[in-house]
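Grab a coffee and open the viewer. Here are a few short exercises, each with a worked solution.

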Amino acid sequence: MDRRIFTVRFVREGREAQVEEGTTLLAAEIAAGLVPDAPCGGQGKCGKCKVKLDGEIVSACRTVITGDCAVETLHDEEKSAKILKNGNIRRVPCEPGRLPGGAARPLLAAVDLGSTSVVAYLLDAATGETLGTESILNPQRQFGADVVMRSGYALEHGAESLSTCIRQAIDELLGRLAAGVGQESGDIVRIVMVGNTCMHHLFLELPVDNLVHAPYTPSVTDAVTRKALECDIHVHPEANLSWLPNIGGFVGADTAACMLAAEFDKREELTLLVDIGTNGEMVLGNRDGYTVCSTAAGPAFEGAKISCGMRGSRGAIDHVKIEDGKLKFHVIGECAPAGLCGSGLLDAAACLLELGLIDETGYMKEPYFFSENVSLTQKDIRELQLAKAAIAAGIRLLCRRRGVKPEEIRTLLLAGAFGNYLAPESACAIGLLPLVLKERIIPVGNAAGAGARLAVLSEAEFARSREMAARADFLELACEADFMDVYVDEMSFAKEDFYGI
């Protein structure tokens, strides 16, 4: 018997979808061209895909359609999200190489394709000046918050939906950037992109099978260049689109870009670079050699898997401190709190630890309420411990691989949005980062985006990124026999246990 077809109308957006009976509201949102937030990939675990149906708040992924209906989506995080765009970029000669002709004022573009957000930069091909920046939340989040969920979706359902939505989003971003300076997309004559290996593979429509099964080897590691139009990016018809090289496992082109921006091939002092997101990519070394690794921190730092977690947008508690023995907090947008973002979660845990409301094992006697609707629970603390232990274990094993102790590290570069906004003292207080390095931490902003801009501006810098990636010593943490032992050790909040090598 054929299933009946119903109309689902999304009131706020003025859109409709025709779907079969039994389809979930989440699938209907996607069919209507919306970009719902579904950190758990529609498994009904995170509770983040709430919508209003017939006056009742329901989970879109767990509500099936049984008739024509009108649906009201809730908080529009896209408009208020704080996305980090700026990164320290050094001056290099503007020598992008041979470019296609026909544009009166040729433009270059660099794209940092992150798991959570996408940042695109527009540059003048003659002067190297950055003319504009645009950003969005990654639309692939409707298929899951992290690369494991998205890879799993691609294996089960095919990668076309994931590839199509991100290509369309980047195409639109570049169009907006060109229009913003009074030009057309066709004036963009070269693009350089960076991102982790999963983002790289999904964008280029490469198989992700090897990324989710040991030994987690990328299908492609060297730099890739294609015509932009082949990737459905509608710029100059002869424009090339190039990806910086992947290094191994989940250490991708974004890490190669960070290394380029930080000039690891020239650094004299022992330096640790940490880019903390759903994946934590790390580089330890100097010009004499460097080791890289990636660890699955999970989406806790982005607000997913936290009961009242959210991204850094309006309503998020982003900083917490102790005043007169009580917790005081700041909310983005100076409004009533709606949840906790990553930096707020870190501060809250450090403060509750100091007040004795959390013990060194992470035990929490009762939830802590910031407001009637925003709280921090025992489960949240456990999720934080899992995430922080992954980063801490990665740093600890990097040190062992290089034969150094944490105190020998002279500089700790923190890259990425979470690293830019977190309080170093909180990160060190809970053992996310080595306590001994607290005074040596330098936020460097969006280093991946800075590296992408350097690579599109200069053929020499692009080639340099390939050389640095080829030289890197890749440490696959999952293949370390004692990784799980180190990981479990680092879950503790006991200061005397931090980073024992």
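**Exercise 1.** Find the bridge partner of Ile191 in S11, then work outwards to the sheet.

*Solution.* Keep in mind that this is a predicted model.
- Step 1: Ile191 pairs with Leu241 in S11.
- Step 2: Zoom out to the two strands. S9 (residues 188–195) and S11 (residues 240–243) run parallel, joined by 4 bridges.
- Step 3: Now look for what sits on them. Helix H7 (residues 253–262) packs on the sheet and touches both S9 and S11, with its direction at about 100 degrees to that of S9.
- Step 4: Take in the whole sheet, which is open and has 6 strands in the order S8-S7-S6-S9-S11-S10, with mixed pairing. At the edges, pairing on one side only, are S8 (130–137) and S10 (224–227). From one strand to the next, the twist averages 15 degrees.

**Exercise 2.** Work out which strands helix H12 lies across.

*Solution.* Start at residues 447–457, which make up H12. Follow the helix over S6 (107–113), S7 (117–124), S8 and S9. Against S6, H12 runs at about 150 degrees.

**Exercise 3.** Is H9 largely enclosed or not, and why?

*Solution.*
- Step 1: Size up the helix. H9 covers residues 378–402, and its 25 residues reach 36 Å from first C-alpha to last, close to the 36 Å expected.
- Step 2: Count burial, taking buried as under 20% relative accessible area. That gives 18 of the 25 residues, so H9 is largely enclosed by the rest of the structure.
- Step 3: Check what follows: just after H9, Gly403 has a positive phi of about 70 degrees.

Notes. Residues are numbered from 1 along each chain as its sequence is written. This is a predicted model: local features need pLDDT of at least 70, side-chain atom pairs count only at pLDDT 80 or more; totals for chains, interfaces and linings use all residues. Side-chain values use heavy atoms; hydrogens and water are left out. The expected span of a helix is 1.5 Å times one less than its number of residues. Buried means under 20% relative accessible area, exposed over 50%, partly exposed in between (1.4 Å probe, protein chains only). Two strands pair if DSSP finds at least two bridges between them. Axes are lines fitted to C-alpha atoms, for helices over the stretch in contact, and angles run from 0 to 180 degrees between N-to-C directions. Contact means heavy atoms within 4.5 Å.
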